[in-house]
Amino acid sequence: MPSAGAALALGFTLLGAWISAELLRKFNLPRITGYLIFGVLVGPYVGNVITAPMTSQLQAVTGIATTLIALVAGLTINLERLRSTLASIARFTSATLAVVIIGTASLLWIVWPWLPVSPNSTGAERAVTVTLLTIMVASVSPTMTAAVTTETGSRGRLSELVLAVVVLADLVLLVLFSCSMQFARAVFRPDAAGPSLLVRFAWETGGAIAFGALVGALFALYLRYVGREVTLALLAMCGILSQVGSTQQFEPLLAAVAAGLVIENLSVAQGDALRTAVQRGAPPVLVIFFVAIGSSLRLDALLTLWPVALALAGIRTGLLRAGTRVGLNVSAIDRGIGEHAWTGLISQAGITVGLASVVASEFPGWGTELQTLLIALIPIHELIGPMLFRRGLARAGEREAQSPRPLLVVSNREPYLHIRREDGSVTWTSATGGVAVALDALMRERGGTWIAHGGGSADRLVVDDTDKVLVPPEHPSYSLRRLWLEEPTFSAYYGGFANEGLWPLCHVVDVRPRFRTEEWTAYKDVNERFATAIDEELDASDTPVFLQDYHLALVAPALRARRANVRTALFWHIPWPHPDRLRICPWRAELLDGLAANDLLAFQLERDRQNFLQAAEEELRAEVDLETSRIWIGERPTTVVSVPIGVDYDRIQEIGGSDTLIAEQQRLHRSLDLRAKLVGIGVDRLDYTKGIPERLAALDRLVTSRPELCGRLTFVQIGVPSRSHLHGYAEIELEIASRIRDLNRRHRAANGVPLVAYQTAPLGITSLVALYRLAHFCIVSSLHDGMNLVAKEFVAARDDEDGVLVLSELAGAAQELQEALIINPYDVDGFAAALMRAIDMPREERRARMRALRRIVAGRNVFGWASDILEGLESLWTRPLHYGVRGWEDTAI
Ligand code: GDG
């Protein structure tokens, strides 16, 4: 067979498997079922296109595939999370396995003479064959279980229990399998018997676990310190595990489970990168694996075994059900959850296939017969397993709770604005800023409605008669419902109460909050109107409502008055003040009460959460349950958590790697006059909380003490005006512009290079990333900030592991980004010294710091943030949560 033909056959195989996987998706079955069924059905027909050289290549792929499957099994177990329930899970698993193994073995022993599989064997031969078949029949599929939970979006106690049980069960079965294989060798190859078999058993299992743990630890280090080409590295690791396993006679599957366990538990922060790598790497390898297995089968033999396989499947299901009942009696697992666990144990796939092929290759006669029986059995379990498990998850309330459902997002600002051009035509722009972009991505995926104030000059022209327009304009996937807020109400609510009252109240800066009754009235009125709009848009009461920020503190109670059972979460993007400062606000009790009407209330930092809890206790006499992180006002609980926001790391990386980036940087060099060798940057809304005058003062101090920097350093300040009509903002804009003029005048360089390049026009996202990438340092000098996304965006953009982040200790981001140069913006000398250090920092230190920062920013992207909040919200209806918010250690909700 020419190699072009082989490649073509492979291409068609992959295509066919992909189509069959997509077809089965239509029936709510996981893709892997499609691959397996396709492989088993088509495999026998491609047997004749497989040539000898291909066979050895296929063997290598098969080895990689089985180890990958076992590795994924190990990756599903997080010991930290399971710590308290592990003993109970172990008892449950042992009891279930005992019932299944004893039941299956006894039955097989009795009916053996009538089975079309080696019926003539007797005595020890029969005992060993029955034992091996029993172990393989009992084996389960962590891959399928994980695929069903992932593809249904389930998360909760049943999913966690089943995943832990299948991995533990397979670990036990792998050891039993290895042990039984020694007996098989002793019985069928008496010359191999003796003490050497015991040694081999110890080597095969103990050696495998030790080797797997070592490889896993090395890979965890690779993930942490290198983190590139993870898919390739993952497949290479699986290749090593299977190759070394087979040459050194380890049990490669056991080694791979051990490796997976070590990786998952050592490098939690890299979990997303690893999951992506598995998703990318697994499908082609699995398809080839299943087809290779299928191609080794004899179709006629397979067909005659179907009835036996069906009967065996029925018996196995019954035994699993009975086993889990016994398991419940001997463990402390909640019955309401545990009674559905058997549904997650039905699936069989890669591990069973892997074991069967080991037996077949070592004992080609009866071993191949056993393999054929198992291959007939597996598709049955592949089909009914996911169906039953989906039903089990639904009954435990985990599937409905987690499957992506339409969402209702509410914010003051809209994600898309329609603008009327001078020539009368209509165009649109999207909101800049990390949150709008991230929530937009979430809405594109889930669909639903976003309600916001319509502020674009052509917004009214494009909506339908229910004030809605489909967005994103280029690829409509959700509705934007616009709310029309007329003057003077809008200004009183937005500019007045929200931005002259709440904003300075929540930020510890030298600007006095101003509270006026008429603005408070307008704020209440607008919040009522938002609530009315939400009520009109909600088609079902269980659609989650995700409210954004301090503009909407009173929406929840107004909405709840209309719909008592509505589900709402509010994220407060800015700091929450200490109770002493909160006391400035005459309407603090109403605000606290309004926020407590949400089911879930989320803050950026633990400190904000603590401040809120303390105020709720003091002002509202709320009952605070620190253990569950809930407050009770009357009969209603509110869960209060801290979930720091992240950035869209992958998108920023992608832009950073695009072909247009260099051209964009050259354009910036020209437009901002960046001839200087050293470039510093600051990117902010022109807000008095961002500490821009303080950073200019530090720059001044720096250049005064190091005059040789004049002409060698340019600091780019992008300062986009916002809320300019408000008093404090107009003032800060003037102050910044005048300070910059003064700096440039006083530190004029002979070569004409400006010390500060100032731009007030917003940059497009590509330009922004290009700017982040060309800077030697980035300054974030907030006087107080909820988080500060610029700090995280700068880090996300620095794929080159260069650049220094100079970060204010008063920005929320400083709590996570401790490897930045941390400054206090009020300490001008310390600030200037940090800038000097940033400029003089050796490459090695820059790299080490940036790597550490990137690990943190990559580990918590904005989608994780959104799903932590939404999953948290949705879980409140199904059960109390038993896991901490992912990646955020202090908060258990
Ligand atoms: C609040 C909290 C919290 C700025 N200029 C341009 C541009 N931006 C984008 C940045 C960044 C965003 O605006 C500003 O982020 P901040 O974090 O500083 O946001 P605030 O507006 O103060 O917002 C804050 C945040 O909410 C999120 O929870 O971090 O603490 O105060 O994304 O990139 N974007 C583009 N061009 C610009 O010129 N494209």
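These are my notebook entries on a few helices, charged pairs and single residues in this structure.

**Ground rules**

I am working with a predicted model, where local features need pLDDT of at least 70, side-chain atom pairs count only at pLDDT 80 or more, and totals for chains, interfaces and linings use all residues. I number residues from 1 along each chain as its sequence is written, and my side-chain values use heavy atoms, with hydrogens and water left out.

**Two helices**

I took helices (H or I, at least four residues) and strands (E, at least two) as DSSP runs, numbered from the N terminus. The span I expect of a helix is 1.5 Å times one less than its number of residues.

I started with helix H6, residues 123-138. Its 16 residues should span 22 Å, and the end C-alpha atoms are indeed 22 Å apart, so the two values agree. I then looked up which residues of H6 are buried (under 20% relative accessible area; exposed is over 50%, partly exposed in between, with a 1.4 Å probe and protein chains only). Among them I found Arg 126, Val 128, Leu 132, Ile 135 and Met 136.

Helix H11 came next, with 15 residues (252-266). I expected 21 Å and found its end C-alpha atoms 21 Å apart, which agrees. The buried residues of H11 include Leu 253, Val 257, Gly 260, Ile 263 and Glu 264.

**Salt bridges**

How many salt bridges does the structure hold? I noted 47, a salt bridge being a side-chain nitrogen of Lys or Arg within 4 Å of a carboxyl oxygen of Asp or Glu.

I looked at Glu 500 and Arg 514, whose side chains meet in a salt bridge at 3.7 Å, N to O. This pair links distant parts of the chain: Glu 500 sits in helix H20 (residues 489-506), and Arg 514 in the loop between H20 and helix H21 (517-537), 14 residues apart. Glu 500 counts as buried at 15% relative accessibility, whereas Arg 514, at 40%, counts as partly exposed.

Inside helix H21, Arg 529 and Asp 525 are four residues apart, which means about one helical turn separates them. They form a salt bridge, with the closest N and O atoms 3.7 Å apart. I reminded myself that an α-helix has 3.6 residues a turn, so residues three or four places apart point the same way. Arg 529 is partly exposed at 24%, and Asp 525 is partly exposed at 33%.

I also visited Asp 687 and Arg 685, which form a salt bridge with the closest N and O atoms 3.1 Å apart. Is Asp 687 buried or exposed? Asp 687 is buried, with a relative accessible area of 1%, while Arg 685 is partly exposed at 28%.

Last on this page, I found Asp 580, Arg 583, Arg 588, Glu 618 and Glu 619 linked in a network of salt bridges.

**One buried loop residue**

Where does Leu 605 lie? I found Leu 605 in the loop between strand E9 (600-603) and helix H25 (606-620). Leu 605 is buried, with a relative accessible area of 1%. The C-alpha atoms of Leu 605 and Ala 813 are separated by 9.2 Å, although these residues are 208 residues apart along the chain.
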